[in-house]
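Hi,

Here is the structure I said I would pass on. Have a look at it first, and my notes follow underneath.

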Amino acid sequence: MYFTEEHNLFRKSLQDFLQKEVVPHIEKWEQTGIIDRFIWKKFGDMGFFGINYPEVYGGMNLDLFYTVILLEELQKINSGGFAAAIWAHVYLAMTHLNAEGDEAIKQKYLAPSIAGDKIGCLCITEPFGGSDVAGMRTTAVKQGDHYVINGSKTFITNGVLSDYLIVAAKTSPELGNKGISIFLLDRDMAGVSATKLDKLGWRASDTGEIAFDNVKVPVQNLMGEADKGFSYIMQHFALERLIMGINAHARAEFALDYALKYMSEREAFGRTIDKFQALRHSIADLYSDLEVNKIFNYTIAARLNKGEYVVKEATMSKLKSTKMADEVIYQCLQFLGGYGYMEEYPMARLLRDSRLGPIGGGTSEILREILAKIIIDKKEYKPAT
């Protein structure tokens with residue numbers, strides 16, 4: 001219903017690429033927390049960064065289900081950190097470049113990002129704000145032909161090793177969430193510093209806390225209109241939340257497939273453990289939950305692909321799919337018994353990596369309140385104009 005023969009061919013070529021070019025390096029990147037620069041260029045050369053971006057900048061302008069395939073297959077090489085580094089570049093930083101960047105910014109940053117020559121990060125979350133975007137304290141004060149930015153951001157994927165930063169800052173603090181703007185900063189701008197954070201999971205990705213100390217940013221690096229940043233951020237949250245929902249159903253599917261293979265080979269009391277009714281019924285429940293979430297996510301992807309504003313449904317996707325993935329992977333680890341607790345088997349890493357799902361990109365608690373406002377209070381979220 002959603003995938004054509006062309007989609008399936010793309011999936012196969014992506015699987016082959018990942019097995020050949022990425023998987024051999026995953027253990028090293030998980031241990032060092034640094035993804036070697038060469039792989040970014042290889043992704044760019046293959047066109048994977050330009051799937052849904054305009055051809056004029058080197059992209060392919062393909063439908064959203066190519067993105068779905070990319071996200072799903074990245075989850076199935078068992079490195080949530082590597083997957084996060086890739087999609088944070090392509091669908092967080094580059095989304096803002098494409099949507100709010102002017103032609104000069106697109107030529108200087110979007111085209112090289114598609115080619116794999118530049119890596120980006122999106123800086124919204126702050127140490128004192130978390131999911132409270134409107135409560136950010138980072139400021140940008142206009143002084144002649146530049147802005148001066150002061151403040152800090154945290155939990156930023158690609159926050160240390162990226163080449164440029166898309167930064168949200170208050171330009172009119174007195175206006176609250178109506179006074180936020182979006183800026184593009186080069187990594188080497190004076191006053192920009194980053195500290196790498198030590199995480200429970202997503203070990204391969206570099207996650208940073210970033211400080212801005214009187215950073216002078218040219219006025220032409222303002223993206224879109226001043227004080228419209230909150231609308232831009234909210235508009236793109238629909239895609240981000242759907243991405244995290246898709247990631248969740250894909251890693252749950254990977255965990256279940258692995259667990260089933262293990263159970264078909266592992267024997268206890270004279271038979272393989274996939275013959276025990278208690279385990280069989282657990283599998284039936286888990287697969288049902290997976291399929292319900294996956295088909296819902298595909299439906300929302302199809303609507304987003306047609307240009308519909310699906311912030312409510314994408315919020316539901318992230319809320320329910322990340323919860324499901326945690327539950328599935330927790331149970332799959334149990335199916336493996338003691339081996340599930342061993343690092344040489346995939347479940348331990350899967351469990352750690354999955355746990356970020358209900359936290360990153362808006363906690364489940366915040367998402368429930370957003371949905372409550374939509375459902376109970378009849379609040380309407382609208383796209384930026």
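Let me start with the boundary between two of the domains: counting salt bridges between domain 2 and domain 3 gives 0. On the domain 2 side, the residues touching domain 3 break down into 9 nonpolar, 4 polar and 2 charged. Keep in mind that this is a predicted model.

The interface does have some polar character, though: 3 residue pairs are in polar contact across domain 2 and domain 3, both partners being at pLDDT 80 or more. As for area, about 1,100 Å² is buried between domain 2 and domain 3, and carbon and sulfur atoms give 71% of that. In terms of residues, 15 from domain 2 are in contact with 10 from domain 3. The centres of these two domains, taken over C-alpha atoms, are 30 Å apart.

For orientation, the domain assignment splits the protein chain into domain 1 (5-119), domain 2 (122-227) and domain 3 (230-376).

UniProt has something to say about both ends of that list. Its unreviewed entry puts "domain: Acyl-CoA dehydrogenase/oxidase N-terminal" at residues 4-117. In the model, that span is 71% helix and 0% strand, with its end C-alpha atoms 31 Å apart. The unreviewed entry also lists "domain: Acyl-CoA dehydrogenase/oxidase C-terminal", at residues 227-375. Here the model gives 75% helix and 3% strand, and the end C-alpha atoms lie 28 Å from each other.

Back to charges. How many salt bridges does the structure hold? The count is 22. One of them pairs glutamate 21 with lysine 42, with 2.7 Å between the closest N and O atoms. This pair ties together distant parts of the chain: glutamate 21 belongs to helix 1 (residues 5-22) and lysine 42 to helix 3 (residues 37-46), and the two residues are 21 residues apart.

That's what I have for now. Shout if anything is unclear.

Cheers

Key. Residues are numbered from 1 along each chain as its sequence is written. This is a predicted model: local features need pLDDT of at least 70, side-chain atom pairs count only at pLDDT 80 or more; totals for chains, interfaces and linings use all residues. Side-chain values use heavy atoms; hydrogens and water are left out. Domain bounds come from an automatic or database domain assignment. Contact means heavy atoms within 4.5 Å. Buried area is the accessible area (1.4 Å probe) that two parts lose on being put together, summed over both. A salt bridge is a side-chain nitrogen of Lys or Arg within 4 Å of a carboxyl oxygen of Asp or Glu. A polar contact is a pair of N or O atoms within 3.5 Å; within protein, one must be able to donate a hydrogen and the other to accept it, and residues adjacent in sequence count only if both atoms are side-chain atoms. Ala, Val, Leu, Ile, Met, Phe, Trp, Tyr, Cys and Pro count as nonpolar, Asp, Glu, Lys and Arg as charged, and the others, Gly among them, as polar. UniProt positions are given in the numbering used here, feature names are shortened, and annotations may be inferred rather than shown by experiment. Helices (H or I, at least four residues) and strands (E, at least two) are DSSP runs, numbered from the N terminus.
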